[in-house]
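Biologist: Please take a close look at one part of this model for me, the pockets, starting with the runner-up in size. After that, I would be glad to hear how the rest of the chain is built.

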Amino acid sequence: MEITIIPIHKADEELPFFQENSSVGFGTSQFIQKEGELFLYIGLGENKLTFEDVRFLGGICRKALYKMKDAAVRINYQAIVNRSLNLQISETIICFMEGWYLANYQFRPYKKEEEKLSTLAVHWEEKRFKDWEQEAYTRATAVNFARDLCNEPANKLTPTSYAQYLRKMFKDTDVVVEIIEGDALSKRDFPGINAVSKGSSEPAKLAILTLNRQSDKEKVALVGKGVTFDSGGINAKTASDIGEMKMDMGGSAAVAGAMKLLADTDASVNVVAILPLVQNLADGNAFLPSDVIQYPNGLHVEVGNTDAEGRLILADGLLYAQSVGAKTIIDIATLTGSIGSALGLKAAGVFSNAEEDLWQYKKLGDETGDYIWPMPVYDDYIHYLKSDAADVNNMSSSQFGGAITAALFLKQFIEPDKKWIHIDMANTVRPWKVQGYYVQGASGYGVRLLYEIVKQKTLGN
Ligand code: BES
Ligand code: MG
Ligand code: ZN
């Protein structure tokens, strides 16, 4: 079977299902059979197409063809180029196929029936097109790797199995995987990781992934929150949808995916990824509200709330990043419910001690589809993190601005001469709406954004 995908923005007399001369709505699709050949018409809408629009078109076309078996597909990509906001042919094919491969994703390891999606061969006229398709495949594969990690249930993805998974994933790549565990972890100065993991019988791990292809470049660190399940600990969560908290390792998944993409694209970078992996549970050994822990930078922290665990383990990661010489430190975490109250579910929040850079990250978010919006870090709010017993409390005394006070807590662990970027993605670990190239389950948020930020930081210094 041959299928030709025809993007259109205005209907003509050839198209009986659309009103003639009407604009064909973005993403609306229609199959038409003509002389034994099948055509999939896909609407481009009235507006000029962005990168993300083209990815969505790829996803929508792939979804429309889910049931097709063994078909050969051709795409009239030129029609998309013509209706785009100055996209090159290369960019058009890469975005379209990225959306295609992202929509191809299914998480089915625990489902019985073998309802695998058909494989469709896309035909390209030129070798260059095939190369661009390959680039798209590499990008989507890294995002799907992050989706897999997030979608795994909490009994399958524990800190231990996570560490093994990372070892396996990076086995034949330039990424060196080191796992700090057991005595080496508990006896070293990682007070956050050691406190949070106390109430779980699953031992914590600290995964360090290093990709150094260019030692003369300044080192960039990526720190990702890896809470494989967050029950809240002694400050137990009560919500009925607590199963969501299996995705509380979404930040670490974004970092792992970005490392995979950097590795697979031969990016010339010097980057270290730091992934604290823990469960936040409560048994008789659990850490307690009122506990005071001391960090290697001398700071004492009072645990005002065991459910604010993310910032405690990230603080270990931030200090470690600086101790191994990173000059730019980017952390990413499903950190606060508050970020969703501030921004809704489409864009994550980005914070930095270099505020002037924030709009650059916003632009990279728009281009990659990992949307992000600038947020402030008001030093004045340190007032809310005052502790009677210690230097700082992990819990704010105000019910307002929780994403900002969380960021401010993290900032206490950053030396002034370091550049720090913090991404709170608690609201984007799932797609805000299952549409375009998004499917049920995790979004794979952050992989493409982190990849671009790391590349930009490497070029820029
Ligand atoms: N993992 C949660 C944040 C979260 C909330 C992620 C919703 C995804 C969806 C985090 O550890 C947490 O519990 N944060 C608390 C902080 C509070 C206790 C200061 C919150 O946001 O309520
Ligand atoms: Mg929590
Ligand atoms: Zn959490």
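Modeller: Happy to. One term first: a helix here is a DSSP run of H or I with at least four residues, a strand is a run of E with at least two, and both are numbered from the N terminus. Please also keep in mind that this is a predicted model.

The second largest pocket holds about 600 Å³ of space. Its lining counts 26 residues, and those closest to the centre are Asn-104, Tyr-105, Gln-106, Tyr-137 and Asn-144. Three elements give two or more residues to this lining: helix H3 (89-103), helix H4 (127-151) and helix H5 (159-169). Of these, H4 provides the largest share, with 7 residues. By class, the lining divides into 11 nonpolar, 6 polar and 9 charged residues.

While we are at H4, have a look at Glu-126, in the loop between strand S5 (121-122) and H4. Glu-126 has a relative accessible area of 35%, so it is partly exposed. Its C-alpha atom is separated by 45 Å from that of Pro-276, a residue 150 positions away along the chain.

Now for the largest pocket, with a volume of about 890 Å³. It is lined by 36 residues, and Lys-237, Leu-335, Thr-336, Gly-337 and Ser-338 lie nearest its centre. Helix H10 (338-343) and helix H12 (402-411) are the elements that give two or more residues to this lining. Sorted by class, these residues are 13 nonpolar, 13 polar and 10 charged.

From the pockets we can move to the metals. The zinc ion (ligand 3) has protein donors on Lys-225 (NZ), Asp-230 (OD), Asp-248 (OD) and Glu-309 (OE), at 2.0 to 2.4 Å. Its site is octahedral, with angles of 78 to 174° among the 6 donor atoms. If you want to find the donors in the sequence, they follow the spacing K-x4-D-x17-D-x60-E. The magnesium ion (ligand 2) sits 3.2 Å from the zinc ion (ligand 3), and Asp-230 coordinates both metals. Two of the residues come from distant parts of the chain: Asp-230 is in strand S9 (residues 226-230), while Glu-309 is in the loop between strand S12 (300-302) and helix H9 (310-323), 79 residues away. Buried means under 20% relative accessible area. Asp-230 counts as buried because its relative accessibility is 3%. Glu-309 also counts as buried, because its value is 1%.

S12, which we met beside the Glu-309 loop, brings us to the sheets. It belongs to an open sheet of 3 strands in the order S11-S12-S16, with mixed pairing. Strand S11 (292-294) and strand S16 (392-393) are the edge strands, each pairing on one side only. S11 and S12 run antiparallel and are joined by 3 bridges. In that pair, Val-292 stands opposite Glu-302 of S12.

As a general reminder, strands of a sheet pair through backbone hydrogen bonds, either parallel or antiparallel.

Near the start of the chain, strand S1 (residues 2-8) has 6 of its 7 residues buried, so it is largely enclosed by the rest of the structure. S1 makes parallel pairs with two strands we can follow here. With strand S4 (residues 72-75) it shares 4 bridges, and Ile-3 stands opposite Val-73 in S4. With strand S3 (residues 37-43) it shares 6 bridges, and there Ile-8 stands opposite Gly-43.

Strand S7 (residues 205-212) is mostly covered too, with 6 of its 8 residues buried. Its pairings described here run in the antiparallel sense. Strand S6 (residues 176-180) is held to S7 by 5 bridges in the antiparallel sense, with Val-176 opposite Thr-210 of S7. Strand S10 (residues 270-280) is joined to S7 by 8 bridges and runs antiparallel to it. There, the bridge partner of Leu-209 is Ala-273 of S10.

To come back to your pocket when you turn the model on screen: start from Tyr-137 and Asn-144, which are among the residues closest to its centre, and use H4 as your guide, as it gives the largest share of the lining.

Definitions and conventions:
Residues are numbered from 1 along each chain as its sequence is written. Chains are lettered from A and ligands numbered from 1 in the order in which they are written. This is a predicted model: local features need pLDDT of at least 70, side-chain atom pairs count only at pLDDT 80 or more; totals for chains, interfaces and linings use all residues. Side-chain values use heavy atoms; hydrogens and water are left out. On a 1 Å grid over the protein atoms alone, a cavity is a set of points where a 1.4 Å probe fits but cannot get out, and a pocket is an open set with protein on both sides within 12 Å along at least five of seven lines; lining residues have an atom within 4 Å of a point. Grid points are joined across faces, edges and corners, and a volume is the space filled by probe spheres set on the points. Ala, Val, Leu, Ile, Met, Phe, Trp, Tyr, Cys and Pro count as nonpolar, Asp, Glu, Lys and Arg as charged, and the others, Gly among them, as polar. Donors are N, O and S atoms within 2.8 Å of the metal (3.2 Å for Na, K and Ca); water is not among the atoms, so sites may look incomplete. Four donors count as tetrahedral if all angles lie between 85 and 135 degrees; four count as square planar and six as octahedral if opposite donors are over 155 degrees apart and all others between 65 and 115; anything else is irregular. Buried means under 20% relative accessible area, exposed over 50%, partly exposed in between (1.4 Å probe, protein chains only). Two strands pair if DSSP finds at least two bridges between them.
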